[in-house]
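Colleague: I am new to this model. Please take me through one part of it closely.

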Amino acid sequence: MGKESIWKVRGGRLDTTPFLIVGILNATPDSFYDGGAYLDIAKAMKRVDQIIEEGGDVIDIGGESTRPYSKRVSVEEEKERVLPVIKAAMEKYPEAIISIDTYKAQVAREALELGVKIVNDVSAWEFDPELLEVIVEYKPGYVLMHSKGRPENMQDGPFYKNVIEEIKAFFEKKLNILVKKGVPEENIVLDPGIGFGKLLEHNLTILANIEKFFVFDRPIFMGLSNKSMWEKLLGLEVGKRQMATQVATALMAEKGVYIHRVHEVKETRHTLTIVKALTCQ
């Protein structure tokens, strides 16, 4: 099991054991799973209500799709999508733990000013280097994710000599930079980036060897919910991948993965409660 379970976020600490569920709220028209469902503020707030009522621990709000071959949006457009939702969510649920899913420094800064406690960055500040300075200044909870390439080209024949060792080297390099700049290790969790510049074989190797990343003594943040790897492996179309997601989530939890970013919060809580009951005997 991963040795460390504490995740320090802005203004507090989260114990990620036995599990922490991050509910996804995509305020975008083109997300692969629920694109356009939550663009309207009223619909977005219904999703916030749902995540909280179903037992989500964190609400992850994003305003730009990062699925393969998706289009980039401007800073202003992304802010128009996410900031009103963050404001409304914070007003209704002032104690809620909200994460901003962005790689843009300006979006992250304004979200943090509104009370957001976590930055979920798919780029490890590669797309916008100024984001690093925002993380250093505000010291939020930070999801350090591995990605090879950008969303618009990351699936164009990604190649690794050894996917596990290359991701480990990436984490070591980025962690050293963050810590040297004054970001406490407690603030950082690690996401191997399932589907971000990886073929099916790479994704399966990562999941089968997830414990190799425990060497960093940081909780693992897993995002495999309803992803296209289940279509490649099982032939499942979007909307039919929930069972595959739950099986994989259970296996990851049994291996010691604490943090799960998902679409189906209630079902995931049931899955993880079963894992907890059967592994704590």
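Colleague: Start with one pair of helices, and go on from there. In which sense does helix 2 pass helix 3, left-handed or right-handed?

Modeller: Two notes come first. The model is predicted, so local features need pLDDT of at least 70 and side-chain atom pairs count only at pLDDT 80 or more, while totals for chains, interfaces and linings use all residues. Residues are numbered from 1 along each chain as its sequence is written, and side-chain values use heavy atoms, with hydrogens and water left out.

Now the pair. Helix 2 passes helix 3 in a right-handed crossing (the near helix is turned clockwise from the far one by less than a right angle; anticlockwise would be left-handed). Helix 2 covers residues 75-92 and helix 3 covers residues 105-113. Helices here are DSSP runs of H or I, at least four residues, and strands are runs of E, at least two, numbered from the N terminus. The two helices pack at an angle of about 20°, with their axes 10 Å apart (axes are lines fitted to C-alpha atoms over the stretch in contact, with angles from 0 to 180 degrees between N-to-C directions). Helix 2 and helix 3 are therefore roughly parallel (under 35 degrees; over 145 is roughly antiparallel, 65 to 115 roughly perpendicular, the rest oblique). On helix 2, the residues that meet helix 3 include Val-75, Lys-79, Val-82 and Ile-86. On the helix 3 side they are Gln-106, Val-107, Glu-110 and Ala-111. Contact means heavy atoms within 4.5 Å.

Helix 2 has another partner. Helix 1 (residues 41-53) comes within 10 Å of helix 2, axis to axis, and crosses at roughly 45°. That makes helix 1 oblique to helix 2. This crossing is right-handed too. Ile-41, Ala-44, Met-45, Val-48 and Asp-49 of helix 1 touch Pro-84, Val-85, Ala-88, Ala-89 and Lys-92 of helix 2.

Ile-86 leads on to the core. The largest nonpolar core has 70 residues, and Ile-86, Leu-144, Leu-178 and Met-222 touch the most other members. Such a core is a set of buried Ala, Val, Leu, Ile, Met, Phe, Trp, Tyr and Cys residues joined through side-chain atoms within 4.5 Å. Buried means under 20% relative accessible area, exposed over 50%, partly exposed in between (1.4 Å probe, protein chains only). Helix 5 (residues 163-180) gives the most to this core, with seven residues. Leaving aside neighbours within four places in sequence, Leu-178 contacts residues including Trp-125, Tyr-142, Leu-144 and Ile-188.

Next, the sheet. Eight strands form an open sheet in the order 8-7-6-5-4-3-10-9, with parallel pairing (a pair needs at least two DSSP bridges). Strands 8 (188-191) and 9 (221-222) stand at the edges with a single partner each, so one side of each lacks a neighbour in the sheet.

Strand 4 (residues 58-62) has five of five residues buried, so the rest of the structure largely encloses this strand. Val-58, Asp-60 and Gly-62 lie on one side, Ile-59 and Ile-61 on the other. Five parallel bridges pair strand 4 with strand 3 (residues 20-26). Val-22 stands opposite Val-58, and Asn-26 opposite Gly-62. Four bridges join strand 4 to strand 5 (residues 98-101), again in parallel. There, Ile-59 has Ile-98 as its bridge partner.

Last, Val-262 in strand 10 (residues 259-262). At 2% relative accessibility, Val-262 counts as buried. Among its contacts beyond four places in sequence are Ile-21, Val-22, Gly-23 and Ile-24.
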